[in-house]
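Hi everyone, thanks for coming. I have one structure to walk you through today, so let me put it up on the screen.

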Amino acid sequence: MSRKMHLAVFAQGVGVAQSVWRSSRTKPERMHGIAHWAEVAATAERGFFDALFVADALNLSPAIGTDATDRPDPVAVLSALSAVTDKIGLIGTSSTTYNDPFTVARQFATLDHLSGGRAGWNVVTTAIPAAAENYGSARLPDHEDRYARGEEFVDVVKALWDGWEPDAIVADRESGRWTDRDKIHRIDHKGEHFAVAGPLTIPRSPQGQIPLAQAGSSSTGMKLGARVADLVFTTQHDLNEALDFADRMRGLAAAEGRRSGAVKVLPGITPIIGETDAAARDLAVELGSLIDEQTTLKFLEQAFGDIDLTSLDLDAPFPDLRGSLPTNASVSRPKLFTEIALRDGLTVRQLAQRIGLGIGHRTLIGSAETVADDMQRWFDSGAADGFIILPADLPAGLADFVDQVVPRLQKRGLLRTEYTGHTLRDHIDED
């Protein structure tokens with residue numbers, strides 16, 4: 001079987017482009033209802049995507065005054081979508097910093113049952129100080145402490161998922177025996193951060209071990225991803241740097257004793273598609289005209305540990321702030337944004353405009369053929385096992401990709417033309 005691309009859609013409101021709710025291509029009045037989410041999911045399923053991914057935020061963005069950055073609960077959204085989709089995987093974010101392992105294990109096991117084995121958990125630590133205040137903490141934990149807790153958190157969740165053996169339910173009406181109690185196990189975990197007895201209150205889910213996604217690109221984050229993740233979402237702008245990242249991730253996974261290809265590396269892209277390259281550029285200009293640099297800088301401040309960026313001179317070079325980050329700040333995103341600005345000589349305004357279209361991910365602007373060519377180049381080089389698609393606007397931007405780019409990828413033999421399995425793990429392990 002030839003190697004195939006793995007695709008996931010990052011479903012965020014009416015799109016990731018800053019203030020895209022103002023565009024006539026969107027219907028923001030629908031974004032909180034099931035009809036909107038069902039349309040996005042159906043479109044992605046029509047394109048034979050592996051998964052629909054819903055990220056999370058545990059605090060209201062400071063950009064809420066002008067940007068539609070309100071966030072619903074991912075597990076609730078995905079549970080509703082499980083009833084109106086058939087094959088597409090349903091991946092949701094749940095933080096290891098402000099949750100309990102038992103709750104997360106139970107929620108995703110329930111989602112896996114409801115969806116017939118299509119659940120996935122995106123493992124994150126929370127790096128935004130404002131979130132700490134919503135969970136009764138005056139201070140966000142430091143980066144290393146967050147990941148130490150996250151490592152143990154994942155181990156507890158996985159142990160809980162294994163607490164019920166596959167044949168623990170007997171369901172013998174004649175004898176009145178529902179389970180074989182010898183096949184339901186406590187975990188009795190006692191660690192540095194958690195003490196959890198178990199077992200879960202529901203049986204082993206269809207996938208057993210639910211697939212995990214992870215997006216940390218710091219050395220600590222990569223180590224966690226290499227050990228436990230099935231999918232790694234990453235932000236890369238340069239082909240050679242992306243290839244280096246993918247090679248390092250695969251090497252780390254091999255060092256953990258995992259098989260070659262166990263971790264699928266999916267860089268994020270924001271495709272903006274037109275009938276011609278010129279038409280696509282016009283659409284990008286139209287969407288970009290909605291961006292307010294100060295609003296985007298407020299969004300960026302959260303990644304930089306709440307360093308004040310809005311006071312910077314918009315037309316001055318973006319400063320190197322990597323040495324000034326607080327110890328509880330995110331690591332990979334500030335590093336990436338700063339390196340882009342320094343490499344390309346961007347002003348504060350220019351960086352904000354570039355980030356504003358795709359929340360920092362690589363923007364692909366061109367005809368469907370141009371976009372497909374670029375994706376194939378990264379895929380063939382080994383820099384990507386597929387992509388996470390972050391539409392600038394939803395649902396129109398996703399429909400453009402599915403209707404125009406997907407058929408070209410299929411014609412080149414790069415993308416499935418039908419689902420061959422029923423679970424998210426089936427889709428991930430297809431090749």
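Let's begin at Asn99, which sits in the loop that runs between strand S3 (89–95) and helix H3 (101–115). Before we go further, please keep in mind that this is a predicted model.

So, how accessible is Asn99? Its relative accessible area is 24%, and because buried means under 20% and exposed means over 50%, Asn99 comes out as partly exposed.

What does Asn99 touch, if we skip residues up to four places away in sequence? The answer is Ser94, Val104, Arg149 and Phe153. With Ser94 there is also a polar contact, side chain to side chain, at 3.1 Å. Phe153 is a nice one to find on the screen: 54 residues separate it from Asn99 along the chain, yet the two C-alpha atoms are 9.2 Å apart.

Now please move with me to a second loop. Thr126 lies between strand S4 (119–124) and helix H4 (129–134). Is Thr126 buried or exposed? Its relative accessibility is 8%, and since the cut-off for buried is under 20%, Thr126 counts as buried.

Thr126 has a polar partner too: its side chain makes a polar contact of 2.6 Å with the side chain of Ser95. Leaving out neighbours within four places in sequence, the residues in contact with Thr126 are Leu58, Ser95, Thr97, Tyr98, Ala131, Leu140 and Arg146. If you're following along in your viewer, Ser95 belongs to strand S3, which spans 89–95.

Let's zoom out to the whole protein. It contains 14 helices and 13 strands. Along its principal axes, the C-alpha trace spans about 75 × 50 × 45 Å. How does the radius of gyration fit with a compact globule? For 431 residues, such a globule would have a value near 22 Å, and the protein has 22 Å, so the two agree.

Burial comes next: 55% of the 431 residues count as buried. Among contacts with a separation of 6 or more, 77% are between residues 24 or more positions apart.

And what about the surface and the charges? The protein exposes about 17600 Å², with carbon and sulfur atoms supplying 50% of that area. There are 44 positive side chains and 60 negative ones, and the centres of these two sets lie 3 Å apart.

That's my tour. Thanks for listening, and I'm happy to go back to either loop on the screen.

Definitions and conventions
Residues numbered from 1 in each chain as written. Predicted model: local features only at pLDDT ≥ 70, side-chain atom pairs only at ≥ 80, totals over all residues. Heavy atoms only, no water. Helix = DSSP H or I, 4+ residues; strand = E, 2+ residues; numbered from the N terminus. Buried < 20%, exposed > 50% of the residue type's maximum accessible area, 1.4 Å probe, protein only. Contact = heavy atoms within 4.5 Å. Polar contact = N/O pair within 3.5 Å; in protein donor to acceptor, adjacent residues only side chain to side chain. Rg over C-alpha atoms; globule rule 2.2 N^0.38 Å. Areas by Shrake-Rupley, 256 points an atom, 1.4 Å probe, with all protein chains shown as cover. Lys, Arg positive; Asp, Glu negative; His and termini not counted. Charge placed at Lys NZ, Arg CZ, Asp CG, Glu CD.
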